[in-house]
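Trainee: I would like to go through the labels attached to this model and ask, for each one, what value stands behind it.
Mentor: Then let us take them one at a time, setting each value against its cut-off.

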Amino acid sequence: MQTTTTDVLIVGAGPVGLTAAIVLVQHGHDVTVVDRQAEGANTSRAAVVHPHTLELLEPYGVVDALVSRGVHTPTFTIRDRDDLLIAVPFSELPTRYPYTLMISQADTETFLLNRLEALGGKVVRPAAVTEIRQSADYAVATFTDGSRIRARYLIGADGMHSTVRDQTGIAFTGGTYAESFVLADVHLSGGVPANEVILYFSPAGLVVVAPLPDGMYRIVATVDEAPHNPDVAFVQSLLDERGPQTRPAVVEDVVWGSRFRVHHRIADEFRDERVLLAGDAAHVHSPAGGQGMNLGIEDAVVLAEQLSQVLDAGADEALLDACAAARRRTAGSVVAMTSRLTELATASARRRPIRNRVMRMAGKLPAVRRALAWRLSGLNRR
């Protein structure tokens, strides 16, 4: 049975796994990245890249490509139909990237993979892990073909249904929202601005409308039961029910669509001896605020930089424990924030007037707008 050895094995080649690999390879470490999906099988789920994420990625040679491709949206607004409740100005933030960058996950992954390959790295696909065993010095992963990879450290970046987390026996504590969520990339006409990310509140649930490259828009909405493949009529009904009224948005076509259930869960531990978790393998939450992929990429950069110190200079492994604990605290804060946004968005008809009044008053205060901008952009975690 063939066994190969590497410094770090990364399971999962989404944005989180690829980012961790780039950081480690650029620091001169031997890294193997594996993914259970065949090439091109990933879909376009995450679409938001926040300023702090771009700052973190800046040393690693991918930001120029991302910024050139994505749509720069300097304002995030919360509306109740046509009624503006709060406008959060990213344009006033002290950063080189004073905007939310809207770009499909497929593009983000392509640019990250291109950078990894330019550094000499590659992704082994399809390669599904069936077992993970640990010793004092190594983690050993066994694959479906019987081959094994022995690594000094193993990073689980393999998503919510993480094999790495399950094999390590780490609990994933939390729950599931009652509603399902629908995603759709569409072409729109009508009353939706091209330079805003908008979170619409309504008694029927939330809907997010955000511009994407190539004249498309990303629609995210909560629904009781979403169809497997949302069509024009279904997405149009969501916007008619929840979106702008004075100048209604008209769905011209649906380029891609999907549905999913959203969980709010955090792994009980982000490290178990030689195994470390990052991204959705460690935490999942509501898409409100567009935090998911950003928090995962932040995990990847921070973890990989700390891990590089341990591999390079023989730094105390307690550094990894401190890193894991800090990332778990950060995840808890983000999960709580996105849960609050979701609860606000789906307030009952009885509570809706009070919610709107309070938010409209708060939105008039510069300090409130500034604090929201810092938190949503991730710059509060610099």
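Trainee: Why is S258 called buried?
Mentor: This is a predicted model, and in it S258 has a relative accessibility of 15%. Buried means under 20% relative accessible area, so S258 at 15% counts as buried. The residue lies in strand 16, and, leaving aside residues up to four places away in sequence, S258 touches R45, F181, V182, L183, H228 and P230.

Trainee: F181 is among those contacts of S258; what makes the pair of F181 and F260 stacked?
Mentor: The ring centres of F181 and F260 are 5.7 Å apart and the planes stand at 25 degrees. Rings pair if their centres lie within 6.5 Å, and planes under 30 degrees apart count as stacked, so with those two values F181 and F260 form a stacked pair. By this rule the count comes to 1 aromatic pair.

Trainee: How do you know that this pair links distant parts of the chain?
Mentor: F181 belongs to strand 12, which covers residues 172-190, while F260 belongs to strand 16, which covers residues 249-267, and the two are 79 residues apart.

Trainee: Are the two rings' residues, F181 and F260, buried or exposed, and what are the values?
Mentor: F181 has 0% relative accessibility and therefore counts as buried. F260 has a relative accessible area of 18%, and because the cut-off for buried is under 20%, F260 is buried as well.

Trainee: What makes T142 a buried residue?
Mentor: Its relative accessible area is 13%, and since buried means under 20%, T142 falls into that class. T142 is found in strand 10, residues 139-143, and its contacts, not counting residues up to four places away in sequence, are A128, V129, T130, E131, S147 and R148. As for V123, which is 19 residues from T142 along the chain, the C-alpha atoms of the two are separated by 17 Å.

Trainee: What is notable about the phi of R81, and why is R81 called buried?
Mentor: Phi of R81 is near 55 degrees, which is a positive value in a residue other than glycine. R81 sits in the loop between strand 5 (75-80) and strand 6 (83-89), and at 13% relative accessibility, under the 20% cut-off, R81 counts as buried. A positive phi of about 55 degrees is also found at E273, again not a glycine, in the loop between strand 17 (271-272) and strand 18 (275-277).

Trainee: Turning to the whole chain, how many helices and strands are there, and how do you know that the chain is as compact as a globular protein of that length?
Mentor: The protein chain has 10 helices and 19 strands. Its radius of gyration is 21 Å, close to the 21 Å that the globule rule gives for 382 residues, so the chain is as compact as a globular protein of that length. Along its principal axes, the C-alpha trace spans about 65 × 40 × 40 Å.

Trainee: Which further values describe burial and contacts in the protein chain?
Mentor: Of the 382 residues, 55% are buried, and among contacts between residues at least 6 apart in sequence, 75% join residues at least 24 apart. The accessible surface comes to about 15,600 Å², of which carbon and sulfur atoms hold 51%.

Definitions and conventions:
Residues numbered from 1 in each chain as written. Predicted model: local features only at pLDDT ≥ 70, side-chain atom pairs only at ≥ 80, totals over all residues. Heavy atoms only, no water. Helix = DSSP H or I, 4+ residues; strand = E, 2+ residues; numbered from the N terminus. Rg over C-alpha atoms; globule rule 2.2 N^0.38 Å. Buried < 20%, exposed > 50% of the residue type's maximum accessible area, 1.4 Å probe, protein only. Contact = heavy atoms within 4.5 Å. Areas by Shrake-Rupley, 256 points an atom, 1.4 Å probe, with all protein chains shown as cover. Phe/Tyr/Trp six-rings, centres within 6.5 Å; stacked < 30°, edge-to-face > 60°.
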